[in-house]
Amino acid sequence: MEAVLAVALVAALLLVSTWWLLLPIGVGYAISVVVTAVRESPGAGRLPGLWARLGVGSALLCAATVGYGMTRMATSFRLDADDPCTLSDDRLDNHPIVNWPLSDTGCRGHESVPAFVNPAILLLAVVFSASVVAMVTTWRRQRIRPEQWESTMDD
């Protein structure tokens, strides 16, 4: 159990410290998806690699958004035990407006996470899930009927 908590702490620290690096990489993946879709216009949706790049890009952008949101939380990473902002929401009798994925109202009663963070995380998670399903579906279709697949790609 302690090892899992240690790994989670290291992962959170890496996410918080490298969100600014994940952002341009994710944008680069998103741009490559658009370029590939424009070049291969009629058959772009049948390319599993396109969906894989969209999935990787959306996962990186989601991680960057989570990292950005975590750095903007008022109570995150406070080490002073006497600071009232480090108290839990139960002790302050202050309940967050939105519990998932990021919310922080424990310090002065207002949400310290920017308003765009939670909807962006949800949207990028949905895009990631949809792209994984599309990638697996197109890959299986290619594998089942490779000769028919190649003839439709040449058109």
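# A quick tour of an all-helix chain

Count up the secondary structure of this protein chain and you get 5 helices and 0 strands. Reading from the N terminus, that gives the order α-α-α-α-α. Keep in mind that what you're looking at is a predicted model. Here's a walk through the whole chain, then some spots worth a visit.

**The chain as a whole**

- The protein chain has 155 residues, and buried ones make up 30% of them.
- Its accessible surface comes to about 10,100 Å², with 66% of that belonging to carbon and sulfur atoms.
- How do contacts spread along the sequence? Take the contacts between residues at least 6 apart: 60% of them join residues at least 24 apart.

**Two tryptophans in helix α1**

- Start with W20, which sits in helix α1. Is W20 buried or exposed? Its relative accessible area is 53%, and the cut-off for exposed is over 50%, so W20 is exposed.
- W20 is also part of a nonpolar surface patch of about 450 Å², together with L21, I25, Y29 and V56.
- Which element gives the patch its largest share? That's helix α1 (residues 2–39), with 4 residues.
- Now look at W19, which lies in helix α1 too. W19 has 19% relative accessibility, and buried means under 20%, so W19 counts as buried.

**Aromatic rings**

- Searching the whole structure turns up 2 aromatic pairs.
- One pair is W19 with Y68: the ring centres are 5.0 Å apart and the planes meet at 70 degrees, so the pair is edge-to-face.
- Where do the two partners sit? W19 is in helix α1 and Y68 is in helix α2 (residues 48–72), so to speak a link between distant parts of the chain, 49 residues apart.
- Add F116 to W19 and Y68 and you have one aromatic cluster.

**T36, in helix α1**

- T36 is another helix α1 residue, and at 14% relative accessibility T36 counts as buried.
- What does the T36 side chain make a polar contact with? The partner is the side chain of R53, at 3.1 Å.
- Leaving aside residues up to four places away in sequence, T36 touches A44, L47, L50 and R53. R53 therefore turns up twice for T36, as a touching residue and as the polar partner.

**S58, in helix α2**

- S58 belongs to helix α2, and its relative accessibility is 4%, which means S58 counts as buried.
- Which residues does S58 touch, if those up to four places away in sequence don't count? They are L124, V127, F128 and S131.

**T138, in helix α4**

- T138 has its place in helix α4 (residues 117–144).
- With 7% relative accessibility, T138 is buried as well.
- A polar atom of the T138 side chain lies 3.1 Å from the backbone oxygen of M135.
- How far is T138 from R46? In sequence they are 92 residues apart, but in space the C-alpha to C-alpha distance is 5.8 Å.

**Where to look**

- For an exposed residue, pick W20; for buried ones, try S58 at 4% or T138 at 7%.
- For aromatic rings, go to W19, Y68 and F116.

Definitions and conventions
Residues numbered from 1 in each chain as written. Predicted model: local features only at pLDDT ≥ 70, side-chain atom pairs only at ≥ 80, totals over all residues. Heavy atoms only, no water. Patch = residues over 30% accessible without salt bridge, like charges linked within 9 Å, V, L, I, M, F, W, Y side chains within 5 Å. Areas by Shrake-Rupley, 256 points an atom, 1.4 Å probe, with all protein chains shown as cover. Salt bridge = Lys/Arg side-chain N within 4 Å of Asp/Glu carboxyl O. Helix = DSSP H or I, 4+ residues; strand = E, 2+ residues; numbered from the N terminus. Buried < 20%, exposed > 50% of the residue type's maximum accessible area, 1.4 Å probe, protein only. Polar contact = N/O pair within 3.5 Å; in protein donor to acceptor, adjacent residues only side chain to side chain. Phe/Tyr/Trp six-rings, centres within 6.5 Å; stacked < 30°, edge-to-face > 60°. Contact = heavy atoms within 4.5 Å.
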